[in-house]
Amino acid sequence: MKVRDNYVLLLLLVCSAIFLINLDAIFVNIMEARNFITAREMINFDHWIFTTMNNEARYEKPPLPTWMTAISMLILGMKSLFALRLPAAIMGILSVFAVFKITEKLTANSRLSFTTGLVAATSFYILLSGRDGQWDIFTHSFMLWAVYCLIGFFRKEKVWRNALIAGLLIGCSFLSKGPVSFYALLLPFLIAYWIVYRSKFSKASLFPFISMLLIATVVAASWSLYVYFFDYSDVTEITNREAGRWLDYNVRPFYYYWNFFIQSGLWTVLALVSLIYPYLKNRVQNTEVYRFSWLWTIVAVILLSLIPEKKPRYLLPVLFPLAITTGLYLEYVFANFKKMHIKESWVLFFNYSLIALVGIAFPIAGTIYFGAKMANIWPWFLLLSLCLVTIAVLMIYFLRKKEIRQVFYLSIWFIISVLTFGLPMAQKIEVNPDFRSSETLSLYEADLGLKAYEFKNFTPELIWEYGKPVPRLWDGKDFQLPEANKFLLLATEEETSEMKSVFSSYRIEKLDYIDMNPVGNKHKDRLFRNIYLIQKPTK
């Protein structure tokens with residue numbers, strides 16, 4: 001088999017470039033910091049079951065992704081961002097291959113499956129989730145492979161094997177982020193599959209099905225039940241707090257997700273066209289598969305819209321069936337583009353001409369935008385400009401020849417070029433000139449031999465950078481003041497007046513500050529702390 005026909009190898013190479021290159025280029029964000037702290041405390045404090053963050057109980061998320069991250073830290077290094085993000089990147093790659101295999105099982109068309117895999121790999125939120133140390137990609141990746149096994153189960157293919165593996169994977173999905181993927185990915189799949197394929201349930205499938213449910217339940221409930229029985233008070237408090245957030249936190253209107261297709265990034269226009277069911281239902285190669293992926297996508301959006309709490313990243317599970325829908329549309333385009341009327345093909349000319357325009361304009365726009373900062377980034381800027389202009393010119397050339405498949409592949413190279421040469425630039429531009437890491441606190445702790453405390457709140461990024469927990473004086477009800485005569489205290493600017501009131505009888509001396517804002521023109525108070533020396537009054 002020629003390399004160009006080895007779709008598994010080609011997809012693996014593309015995914016490696018998309019998910020692994022410059023994996024450590026971006027600053028650790030708040031979600032990542034929370035997860036990385038928990039993984040570090042697993043190792044440092046042996047908190048593998050009773051998970052903590054800043055040495056406080058953290059049971060909001062099940063621990064499977066954190067276990068995987070902690071193991072990666074043990075093997076590749078505690079401070080390596082590549083090691084910390086590698087498990088998520090691997091799960092991102094596996095999710096793309098799940099889309100590939102699901103499409104292949106449904107269509108028996110490897111080239112079409114390769115197209116859907118490429119769309120999935122380069123869809124914005126899939127790409128972002130696979131390069132970010134957060135746990136959504138874990139729960140959905142496990143569930144996608146469970147879906148693949150369920151399709152085999154419904155088709156009576158190796159029933160016992162598919163049932164047992166699906167049960168294990170469903171349990172792992174729950175053990176990654178609770179019931180999120182059950183509701184947002186599995187339930188829409190089951191509804192769409194039943195509507196389209198009407199799979200009959202035979203008596204021979206009953207025992208494998210029950211076994212699947214038992215395995216899924218045991219795996220899913222194992223950690224939750226254990227911590228519930230052995231740390232009931234913390235579990236109850238956290239559960240009540242989290243349950244309330246679904247009803248009154250980040251509440252958005254029902255229609256908030258109706259622009260969901262823009263989360264596919266590069267494929268926004270084509271994804272929108274692929275959702276025009278009356279237009280495509282009789283044009284795509286496989287009408288049945290198109291109807292199934294279309295329903296899977298739409299049902300998932302509707303179900304997510306019913307939940308009051310809404311965030312753009314919650315749309316991640318929608319992008320997987322949307323990639324299949326978009327891939328089916330693209331395969332229709334590849335086969336018919338040369339004979340399409342302009343009324344039908346203009347949207348493709350518009351989409352790819354827009355991408356080409358961005359590529360051609362980048363060197364000029366970038367030179368104007370970066371200005372004096374160009375001295376720090378010029379090698380990467382030059383390489384990226386060369387790649388994008390070359391890709392843009394080739395896009396225009398192949399568009400004129402109506403070789404649309406080549407244009408599609410060039411758009412994949414467009415994304416790879418941005419990730420390869422654009423991300424290193426992000427480390428060198430818009431840097432905060434006043435940046436002071438939490439290592440500043442470590443120096444004062446070492447020089448003065450004093451313990452440090454947080455006044456009221458703690459910031460995950462600061463704790464992650466600091467390297468160990470910083471106890472909080474506020475316990476949720478009252479301030480628990482240290483017994484030591486002297487200690488260091490961290491407080492935000494907004495907390496200053498309250499802090500001075502609490503310690504009104506103490507001697508307060510401002511020593512320094514911590515500013516973890518990575519970008520100078522975007523100040524967030526939660527990333528800033530003043531460092532105070534607090535001393536009890538002498539009697």
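Is lysine 456 buried, exposed or partly exposed, to begin with a residue that will come up again later? At 21% relative accessibility, lysine 456 counts as partly exposed, where buried means under 20% relative accessible area, exposed means over 50%, and partly exposed lies in between, with a 1.4 Å probe and protein chains only.

Before going on, I should say that this is a predicted model, in which local features need pLDDT of at least 70 and side-chain atom pairs count only at pLDDT 80 or more, while totals for chains, interfaces and linings use all residues. Residues are numbered from 1 along each chain as its sequence is written, and side-chain values use heavy atoms, with hydrogens and water left out.

Let me turn to strand 6. Strand 6 covers residues 528–535, and because 8 of its 8 residues are buried, this strand is largely enclosed by the rest of the structure; helices here are DSSP runs of H or I with at least four residues, strands are runs of E with at least two, and both are numbered from the N terminus. In a regular strand the side chains alternate between the two faces of the sheet. Here both faces are covered, with Phe528, Asn530, Tyr532 and Ile534 buried on one side and Arg529, Ile531, Leu533 and Gln535 buried on the other.

Which strands pair with strand 6? Strand 4, residues 486–491, pairs with strand 6 in the antiparallel sense over 6 bridges, and strand 5, residues 507–515, runs antiparallel to strand 6 and is joined to it by 8 bridges; two strands count as paired if DSSP finds at least two bridges between them. To give a residue for each pairing, leucine 489 stands opposite tyrosine 532 of strand 6, and isoleucine 514 has arginine 529 of strand 6 as its bridge partner.

Arginine 529 also leads us to the salt bridges, of which the count comes to 14, a salt bridge being a side-chain nitrogen of Lys or Arg within 4 Å of a carboxyl oxygen of Asp or Glu. The side chains of glutamate 454 and arginine 529 meet in one of these, at 3.1 Å from N to O. This pair links distant parts of the chain, with glutamate 454 in strand 3 and arginine 529 in strand 6, 75 residues apart. Glutamate 454 is buried, at a relative accessible area of 0%, and arginine 529 is buried as well, at 1%.

Now back to lysine 456, which is found in the loop between strand 3 (452–454) and helix 20 (460–466). Its side chain meets that of glutamate 498 in a salt bridge of 3.4 Å, N to O. Because lysine 456 lies in that loop and glutamate 498 in helix 21 (residues 496–502), the pair ties together parts that are 42 residues apart in sequence. Glutamate 498 is partly exposed, with a relative accessible area of 31%.

A further salt bridge joins arginine 526 and glutamate 461, whose closest N and O atoms are 2.7 Å apart. Arginine 526 lies in the loop between strand 5 and strand 6 and glutamate 461 in helix 20, so the pair ties together parts that are 65 residues apart in sequence. Arginine 526 counts as partly exposed at 29% relative accessibility, whereas glutamate 461 is buried at 9%.

Finally, a few words on helix 10. Helix 10, residues 206–230, gives 5 residues to a nonpolar patch, the largest share. That surface patch is formed by Ile49, Leu225, Tyr226, Tyr228, Phe229, Phe230 and Tyr232, with about 760 Å² of accessible area together; patches are made of residues with over 30% relative accessible area and no salt bridge, like charges being joined within 9 Å and nonpolar side chains (Val, Leu, Ile, Met, Phe, Trp, Tyr) within 5 Å. Accessible areas come from the Shrake-Rupley method with a 1.4 Å probe, and for residues only the protein chains shown count as cover. Tyrosine 228 has its place in helix 10 and is partly exposed, with a relative accessible area of 34%.
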